[in-house]
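Reader: I would like to learn how to read the packing of a protein model, feature by feature. Could you walk me through one?

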Amino acid sequence: VVCFVRDWISLSAMKQRLLRRGGPLCRTPALGLEALAAAQRPHSSTKRYVGREDVAQASLAKAQQEGGSTRLVTKDSFFNKRRSASSLSPPASKRQKEKEPPKESVPGAPQAEASAESPGPSSPPSSSDPPGYLQALDGQGVPLCFHCQEPCPASPDDSSTATWDSRFCSHWCQEELRLRSSQPHMRARVLEAEGGACQQCGLAAHQLYLRVRDAPPAQRKDLLESTWLAQLPLKQLNEIIRAPVEGDFWQVDHIRPVYSGGGQCSLDNLQTLCTVCHRMRTLQQCKERSRAKKDQAASKVASSITRFFSKK
């Protein structure tokens, strides 16, 4: 028990939250994190967020594979703002076939219109197309989840909300796609998990923002001078004193950088960094990318010279 508690305390707030939310029962937290990582689908992307085109391409590929069709679901109020008690529970296929509790009905949920179903996969939406998300239907006409492309549960009736209810197979998938496609939602989830505390220097950046925001303008300079943020450029500090914005105090950072395939990720690849630590990490990553590009260019030149001197 002592070893388990020691390992648990050593985890970041984000990893503790992930284990509490859906981690399997394991002897150590490290084994639980390994099981969670193994259960997730392998994913690598150099794009920061999931867009309409990404959803459309996945839907078209799945519809072609299943021999089904596609339909367009309007973008207005695409995500359900209400969350039920099972909103953080993954679907049955993602919990080793555990039985998922029935979803609670949400009266008065927003409605989404759908165009007529196309007989087969079409082309991805362009900028001239109406704003909406392309959804795949299998060979029997069953809607497939926007996130995992698994069949969505059948609507209890033929009401006007049937299209709305069949966007996702579970609230868990809805939350996962929203996390990957919405920056405000991503910041809210990370703030909820880590409380706005920098994971590198420990600065309580969110609490500092609230104190600076609520303080009289004449006292804001003194509050900032006694913190790690005093290293920021003078122009940025003056802007913070004049009109504090939370984005000036902390940012959501990708542990595995986006340029290395860490984009469109889940919570386990995100962390809170104060503005100073984020700037330092960004500068370091820029140097690493520049060095990698120079090494790549040098290797190309070396290979060209080797081919020039090779015997024919």
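Author: Happily! Let us start with the aromatic rings: ring pairs link Y133, F146 and F168 into a cluster. Please keep in mind throughout that this is a predicted model.

Reader: How many aromatic pairs does the structure hold?

Author: It holds 3 aromatic pairs. Take Y133 and F146: their ring centres are 6.1 Å apart and their planes meet at 75°, so this pair is edge-to-face, since planes over 60 degrees apart count that way. The two rings come from distant parts of the chain, with Y133 in strand β2 (residues 132-137) and F146 in the loop between β2 and α5 (162-165), 13 residues apart.

Reader: Are Y133 and F146 buried or exposed?

Author: Both Y133 and F146 are buried. There is also a ring with a charge for company: the charged end of R187 sits over the ring of W250, 3.9 Å from its centre.

Reader: Let us move on to charges, then. How many salt bridges does the structure hold?

Author: There are 8 salt bridges in the structure. A good habit is to ask where the two partners sit along the chain. Start with the general idea for a helix: an α-helix has 3.6 residues a turn, so residues three or four places apart point the same way.

Reader: Which helix holds both K62 and E66?

Author: Both are in helix α4 (residues 52-66), where they lie 4 residues apart, about one turn of the helix. Their side chains meet in a salt bridge at 3.5 Å, N to O. K62 is buried, with a relative accessible area of 17%, while E66 is partly exposed at 37%.

Reader: And what is the distance for the salt bridge between K221 and E225?

Author: That bridge spans 4.0 Å, N to O. K221 and E225 both belong to helix α9 (residues 217-225), again 4 residues apart, about one turn of the helix. K221 is partly exposed, and its relative accessible area is 48%.

Reader: Where do R281 and D253 lie, the pair that links distant parts of the chain?

Author: R281 and D253 form a salt bridge of 2.6 Å, N to O. R281 is in helix α11 (residues 275-309) and D253 is in strand β3 (residues 250-254), with their positions 28 residues apart in sequence. D253 is buried, with a relative accessible area of 5%, and R281 is partly exposed at 21%.

Reader: Now for burial on a helix. Which residues of helix α8 are buried?

Author: In α8 (residues 205-214), the buried residues are A205, H206, L208, Y209 and V212. Seen down the helix axis, they fall within an arc of 155°, so they line one face of α8. The cover over these buried residues includes α7 (183-194), α9 and β3.

Reader: What does E194 in α7 touch, beyond residues up to four places away in sequence?

Author: E194 touches A13, M14, Q199, L270, Q271 and T272. It is a charged residue worth pausing on when you inspect helix α7, because E194 is buried, with a relative accessible area of 8%.

Reader: How many residues does the largest nonpolar core have?

Author: It has 27 residues, and those with the most contacts inside it are V190, L224, L229, F249, L270 and C274. The elements that each give two or more residues to this core are α7, α8, α10 (234-242), β3, β4 (270-274) and α11. Helix α8 gives the most, with 4 residues.

Reader: What is F249 in contact with, leaving aside its neighbours within four places in sequence?

Author: Its contacts are A205, L208, Y209, V212, L224, L229, I240, P244, C274 and T275. Among them, A205, L208, Y209 and V212 are buried residues of α8. Apart from this core lies another, of 13 residues, with F168, C169, W172 and L177 among them.

Reader: To step back, what does the secondary structure of the protein come to?

Author: It comes to 11 helices and 4 strands. Of the 312 residues, 39% count as buried.

Reader: And what share of the contacts with a separation of 6 or more comes from residues 24 or more positions apart?

Author: Those residues account for 68% of such contacts in the protein.

Terms used: Residues numbered from 1 in each chain as written. Predicted model: local features only at pLDDT ≥ 70, side-chain atom pairs only at ≥ 80, totals over all residues. Heavy atoms only, no water. Buried < 20%, exposed > 50% of the residue type's maximum accessible area, 1.4 Å probe, protein only. Arc of directions from axis to C-beta. Contact = heavy atoms within 4.5 Å. Phe/Tyr/Trp six-rings, centres within 6.5 Å; stacked < 30°, edge-to-face > 60°. Lys NZ or Arg CZ within 6 Å of the ring centre and 35° of its normal. Core = buried A, V, L, I, M, F, W, Y, C linked by side-chain atoms within 4.5 Å.
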